[in-house]
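Could you walk me through this model in the viewer? I'd like to know what to select next and what is there.

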Amino acid sequence: MKQAIRKIYLASKSPRRRELLRQIGVDFELLLNDIEVDEDVLPSEAPRDYVARVTLEKAQHARRTIALRQLPPRPVLAADTTVVLDTCILGKPVDTADAVRMMRSLSGRTHQVLTSVAVAFNDELWQVTQSSDVTFDTLSEQTIAAYCDSTEPYDKAGGYGIQGPAAVFIANISGSYSGIAGLPLFETAQLLHKAGIATL
């Protein structure tokens, strides 16, 4: 029997994930970990393994934070998103030159967006990693320069967000729009249901 609807802890700084949880009627409290997760890619680590590991570590750190702060027990949700081109992980651009390089590499190509989600509650943990294909139109140098001159690329994996101005670059997607935005809602709802959390 499912438990009553209640809040979860969201172990993420992403405003996009907050918006997406609200979209499906999930009440949450932000829980920022006391210890930052090391998001460096390990040697020879495959992209899917990387995003799943980082998400799992975020969930485990959140569990420890709940115990250390003696917070009320609630399910905790953690997630991580990475952009992959030809098996190469594209992180957040460090400067304009890096953003321009990323946009040039994505131009006219299809890449993958991987989002892993973990929900932990009591002694249980459920996790899923969702993959979507995103195809960019061919971008002119002028378009790339104008885009990278804005603030838009610099806090996003791969240098763009599907919900922002870069949406005009996207010719096609195959997969989950919400997953590309940072939280695949179909898969997330399934995990939350396992933890006894109703959606909508």
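Start by selecting Phe136 in this predicted model. Show everything it touches beyond its neighbours within four places in sequence: Phe136 is in contact with Met103, Leu106, Ser107, Gly108, Arg109, His111, Tyr160, Phe169, Ile170 and Ala171.

Now widen the selection to the largest nonpolar core, which has 42 residues. Phe136 belongs to the group that touches the most other members, along with Leu21, Leu77, Met103 and Tyr160. Colour helix 3 (residues 96-106) next, since five residues from this helix make up the largest share of the core. There's also a second, separate core to pick out, with 10 residues, among them Ala11, Ala62, Ala78 and Ala120. In soluble globular proteins, nonpolar side chains tend to be buried together.

Next stop: strand 3, residues 76-85. How many of the residues of strand 3 are buried? The count is 10 of 10, so the rest of the structure largely encloses this strand. Rotate to check each face. On one side you'll find Val76, Ala78, Asp80, Thr82 and Val84, on the other Leu77, Ala79, Thr81, Val83 and Leu85, and all of them are buried.

Keep strand 3 on screen and add its partners:

- Strand 1 (residues 8-10) runs parallel to strand 3, joined by two bridges. Look for Leu10 opposite Leu77.
- Strand 5 (residues 110-121) is antiparallel to strand 3, with nine bridges between them. Ala79 has Val117 as its bridge partner there.
- Strand 4 is also antiparallel to strand 3, through three bridges. Here Val83 stands opposite Leu90.

Zoom in on the hairpin of strand 3 and strand 4. Two residues lie between the strands, and Asp86 takes a positive phi near 55 degrees.

Last, turn on the pocket surface. The largest pocket has a volume of about 880 Å³. Which residues lie nearest its centre? Select Arg17, Glu39, Lys58, Asp80 and Lys92, out of a lining of 38 residues. You've already met Asp80, in strand 3, and that strand gives the most to the lining, with four residues. Other elements that each supply at least two lining residues include helix 1 (15-23), helix 2 (47-69), strand 4 (88-90) and helix 5 (177-181). Colour the lining by residue type to finish: 17 are nonpolar, nine polar and 12 charged.

Key
Residues numbered from 1 in each chain as written. Predicted model: local features only at pLDDT ≥ 70, side-chain atom pairs only at ≥ 80, totals over all residues. Heavy atoms only, no water. 1 Å grid on protein atoms, 1.4 Å probe; cavity = no way out; pocket = protein on both sides within 12 Å on 5 of 7 lines; lining within 4 Å. Points joined across faces, edges and corners; volume = space filled by probe spheres on them. Nonpolar A, V, L, I, M, F, W, Y, C, P; charged D, E, K, R; others polar. Core = buried A, V, L, I, M, F, W, Y, C linked by side-chain atoms within 4.5 Å. Buried < 20%, exposed > 50% of the residue type's maximum accessible area, 1.4 Å probe, protein only. Contact = heavy atoms within 4.5 Å. Pairing = 2+ DSSP bridges.
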